Amino acid sequence: MPYDINRKDELNIGLFCASRPSNDPTYVKAAYEFGQAVAKRGWGLVYGGGDKGLMGAAADGALDAGGKVIGVIPDFLLGKEGDRNDLTEKHVLASLNERKELIASRSAAFVTMPGGVGTIDELTEVWTWNVLGRHDKPVGIYNVNGYFDKLIEFINHMVGLELTGAHYMNAIRVANNAEGLLDALIPAEVAGEIMNRQNRDKIINE
Ligand code: AMP
């Protein structure tokens, strides 16, 4: 079945972040706590499936808090990013594109935390697709320690030169705390609606 980026029947956060730990432990700690924060809300986490870096820490945080974690990894990365068996769901796919599509279709909103070039690729894809009207799922940046300040400055530089539209900045939420960002991306009434759909589908399928 093809992936449907517009499906809205699960309360999962799609998380993009580094597959490396950084030499500053602040980032891994923030990722672990972010995973916990998502799980404590009763929401699921969808991510790249590995056990390394911020990615692994976020999954650990969510699992340790009793949450649902969906990992999506291409087979050629199992050796490099981790072949873990403690996830609620693990999807091993053939390509990076399939991974991004499945993460997108299973997420109600997207959060990007500090990461490398791969993370920036994932962020810009869901962000541009939102602006281009391919989906209307909210996109947020969790700006731990001001990590993304220079990126935001650069985007504003593009806007200033009219090389990109000002509406790009309107299409993204930037916050320096996890709870505030999650509240802004999925307000309580929206979370309630998705939860009702999720429970209704569960009853129908039982
Ligand atoms: P990084 O931020 O570079 O540590 O990468 C974060 C995640 O993005 C990792 O799981 C990488 O495998 C993945 N990644 C790297 N490059 C790409 C790309 N071009 N498209 C999709 N995912 C990527």
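**Helix packing and ligand shell**

The crossing of H1 and H8 is right-handed, a crossing being right-handed if the near helix is turned clockwise from the far one by less than a right angle, and left-handed if anticlockwise. The structure is a predicted model, in which local features need pLDDT of at least 70 and side-chain atom pairs count only at pLDDT 80 or more, whereas totals for chains, interfaces and linings use all residues. Residues are numbered from 1 along each chain as its sequence is written.

Helix H1 (residues 26-40) and helix H8 (residues 178-185), helices being DSSP runs of H or I with at least four residues, numbered from the N terminus, pack at an angle of about 45° with their axes 10 Å apart. H1 is therefore oblique to H8, since angles under 35 degrees count as roughly parallel, over 145 as roughly antiparallel, 65 to 115 as roughly perpendicular and the rest as oblique. In this contact (C-beta atoms, placed from the backbone, within 7 Å), Glu 33, Phe 34 and Ala 37 of H1 meet Ala 178, Glu 179 and Leu 182 of H8. By class, the contact of H1 with H8 comprises four nonpolar, no polar and two charged residues.

The ligand is surrounded by 15 residues, of which the closest are Ser 19, Gly 115, Gly 116, Gly 118 and Thr 119; a residue is near a molecule if its C-beta atom, placed from the backbone, lies within 6 Å of it. Helix H4 (96-106) and helix H5 (117-131) each supply at least two residues of this shell, and H5 gives the most, with five residues.

Terms used: Axes fitted to C-alpha atoms, helices over the stretch in contact; angles between N-to-C directions. Contact = placed C-beta atoms within 7 Å. Nonpolar A, V, L, I, M, F, W, Y, C, P; charged D, E, K, R; others polar.
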